[in-house]
Structure formats: C-alpha cells, structure tokens
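Student: I would like to know how the terms used for a protein model are justified. Can we go through some of them one at a time?

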Amino acid sequence: MSELVWVRSSRCIDGSCVEVRAEDDLVYVRDSKDPDGGAIVYTREQWQRVLDAVREDEWVDAVAGCTTWVDAADGSIAWIGGDGSILWFIREEIDAFVQGAKRGEFDLAVTRG
C-alpha cells in the first residue's frame with residue numbers, strides 16, 4: 001500500500017497521526033508511526049458509519065460491528081477493525097483524528113486520490 005496517498009488531520013501533532021486513504025470501494029486507516037505495519041480496511045459504507053459515529057461523539061463505542069476503540073491502561077487507545085486488526089494511538093492522535101473528522105477532512109471526497 002505504500003503507493004497510496006494518505007490524508008492526515010490538519011490537527012495532526014508532530015507527524016504522528018491517524019492516516020486515511022480511499023481507493024476504489026475501500027477505505028484504509030493506518031498509523032503514520034508505522035506505515036508498513038498494515039492498515040484497517042473498511043468498505044465505503046462502514047467508513048461512513050465510523051465518521052457518523054465520530055461526529056455524534058459516539059466514537060468510543062463499537063460502530064455497527066466494524067470498529068471498536070478501547071482505552072488501554074497505559075493511556076493509549078486500540079483502534080480495532082471488524083476483522084480484528086489493531087492500530088495503537090495515543091490520546092492526542094485520536095483527538096486530532098476526531099477534530100479532523102468533524103471538520104470533514106476524512107470524507108470520501110477528500111480522501112479519494
């Protein structure tokens with residue numbers, strides 16, 4: 001997936017961010033700190049449900065079987081995809097993602113290359 005162009009929130013801190021890319025009918029989410037570490041993959045419909053939940057401040061809950069966010073004891077947050085794949089973020093990275101999502105920075109029209 002290294003050939004894809006990734007979008008980060010304008011609120012991204014020090015380049016450590018949630019990154020998103022839409023390609024054909026799929027949306028990929030990865031951790032900028034580990035670009036070769038894999039991505040969580042969503043259908044467009046699932047991604048829209050994720051964004052809707054974030055905008056409604058329901059992002060800490062499971063989103064229709066496709067996403068779960070879990071606070072870890074060390075303060076990090078596990079972003080768990082519907083297939084069980086996990087990305088780890090610190091609170092500031094998730095907060096930047098949430099702010100960007102609420103501003104429309106991860107809408108499909110923006111993330112599509």
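Tutor: Start with a definition: a nonpolar core is a set of buried Ala, Val, Leu, Ile, Met, Phe, Trp, Tyr and Cys residues joined through side-chain atoms within 4.5 Å. This is a predicted model. In it, the largest such core has 24 residues.

Student: Which residues have the most contacts inside the largest nonpolar core?

Tutor: Y42, W47, W79 and F97 have the most contacts inside that core. Among the elements that each supply at least two of its residues are β2, β3, β4 and α1.

Student: What is Y42 in contact with, leaving aside its neighbours within four places in sequence?

Tutor: The list for Y42 includes W47 and W79, along with V27, V29 and V50. Y42 also belongs to a cluster linked by ring pairs, together with W47, W69, W79, F89, F97 and F106. The structure holds six aromatic pairs.

Student: Why is S76 called buried?

Tutor: Buried means under 20% relative accessible area. S76 has a relative accessible area of 11%, so S76 is buried. Its place is in the loop between β5 (67–71) and β6 (77–81).

Student: What makes the link between the side chains of S76 and D74 a polar contact?

Tutor: The cut-off for a pair of N or O atoms is 3.5 Å, and one atom must be able to donate a hydrogen and the other to accept it. The contact joining S76 and D74 is 2.6 Å, so it falls within that limit. Leaving aside neighbours within four places in sequence, S76 is in contact with V70, D71, W88 and F89.

Student: How do you know that β1 and β2 pair?

Tutor: Two strands pair if there are at least two bridges between them. Two bridges join β1 to β2 (residues 18–23), so the condition is met. One partnership is that of V7 with V20 in β2. β2 and β3 also pair in the antiparallel sense, over six bridges, and there V20 has V29 as its partner in β3.

Student: Why are β1 and β4 said to stand at the edges?

Tutor: The open sheet has four strands in the order β1-β2-β3-β4. β1 (7–8) and β4 (40–43) each have a single partner strand, so one side of each is left without a neighbour in the sheet.

Student: Why is β2 described as largely enclosed by the rest of the structure?

Tutor: Five of the six residues of β2 are buried, so the description follows.

Key:
Residues are numbered from 1 along each chain as its sequence is written. This is a predicted model: local features need pLDDT of at least 70, side-chain atom pairs count only at pLDDT 80 or more; totals for chains, interfaces and linings use all residues. Side-chain values use heavy atoms; hydrogens and water are left out. Buried means under 20% relative accessible area, exposed over 50%, partly exposed in between (1.4 Å probe, protein chains only). Contact means heavy atoms within 4.5 Å. Rings of Phe, Tyr and Trp (its six-membered ring) pair if their centres lie within 6.5 Å; planes under 30 degrees apart count as stacked, over 60 as edge-to-face and the rest as tilted.
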